[in-house]
Amino acid sequence: MIRTKKELKECLIDELALYGENSFFLWFKRWLFHGNLTISRYIRVLRYTEYYHNNSYHKTGKLFNIFNDIFYVYYHHLYEVLGAKLGLEIGLNSCKPGLLIYHKGFVVVNYQAKIGKNARFHGCNCVGKSHTGVPVIGDNVEFGVGSSVIGGIQIANNVKIGAGAVVTKDILEEGVTVIGVPAHIIKKTK
C-alpha cells in the first residue's frame, strides 16, 4: 500500500525505469510515437489512484484529506478509461512495486489478491477469485502468456508459471517452474 509521497515517488521511479522511461529523451520518444496509450501510463495512473485512495477522507476519516478525494475521483476515472482501452484490470493495492506488464490486452488481477514485488505478466493473464478465496502470490513471480491463477492458493517466491498454465493448487516451493492444466512442477532451480 502506498501511503506517503516518498513511497509513491520511489515506486514510480522504479517502475518507469522498467518501461524505459527513466530519462526525458526516452519518455518524449515514447510519447511522440505511441501517444498517451501506453502500459507505463496505466501503471503510473494506477499508482496515483492507489495513493489518493489510501489517503482520502473516505478511507482515513480525516477531514484535511478531503481534497485527496477529488484527486482520487479524477485518477480513478483515468484508471478505468485507460484500463478499458488497454485491456488491463489491476485491482487497487493488489500488486506491490515492480509490476511489469509486457503486452497490452487482457490482464486481470482481482482487487483482493495479494501479489508481491517484481511481478511479471506476459499477457492474457488472470489472477482470480473462486469460492475458496483469492490468491496470495510471492515476490518475483513470472506469468507466461495465457496463464491463470485461480482460488485461495499460495504461490512461493521466484516461481515461473508457464504459458497457458492454470494454477489451482498451492505452489510452496521457491524457484520452480510450473506448466500444464492443472499446473504441476517440472523444473526446480537452485
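Two exercises on a predicted model follow, each with a worked solution.

The model is predicted: local features need pLDDT of at least 70, side-chain atom pairs count only at pLDDT 80 or more, and totals for chains, interfaces and linings use all residues. Residues are numbered from 1 along each chain as its sequence is written, and side-chain values use heavy atoms, without hydrogens or water.

**Exercise 1. Trace the open sheet: give its strand order, its edges and the link from S11 to S13.**

Step 1. Count the elements. The protein has 5 helices and 14 strands. Both are DSSP runs numbered from the N terminus: helices are H or I with at least four residues, strands E with at least two.

Step 2. Order the sheet. The order is S2-S5-S8-S11-S13-S14, 6 strands with mixed pairing. Two strands pair if DSSP finds at least two bridges between them.

Step 3. Find the edges. Strands S2 (100–101) and S14 (184–188) each pair on one side only.

Step 4. Inspect the link. S11 (residues 160–161) and S13 (residues 176–179) run parallel, joined by 2 bridges. Lysine 160 has threonine 177 of S13 as its bridge partner.

**Exercise 2. Assess the compactness and burial of the protein.**

Step 1. Compare radii. The radius of gyration, over C-alpha atoms, is 17 Å; the globule rule (2.2 Å times the number of residues to the power 0.38) gives 16 Å for 190 residues, so the protein is as compact as a globular protein of that length.

Step 2. Check the box. Along the principal axes, the C-alpha atoms fill roughly 50 × 40 × 30 Å.

Step 3. Check burial. Of the 190 residues, 44% are buried (under 20% relative accessible area, 1.4 Å probe, protein chains only).

Methods:
Buried < 20%, exposed > 50% of the residue type's maximum accessible area, 1.4 Å probe, protein only.
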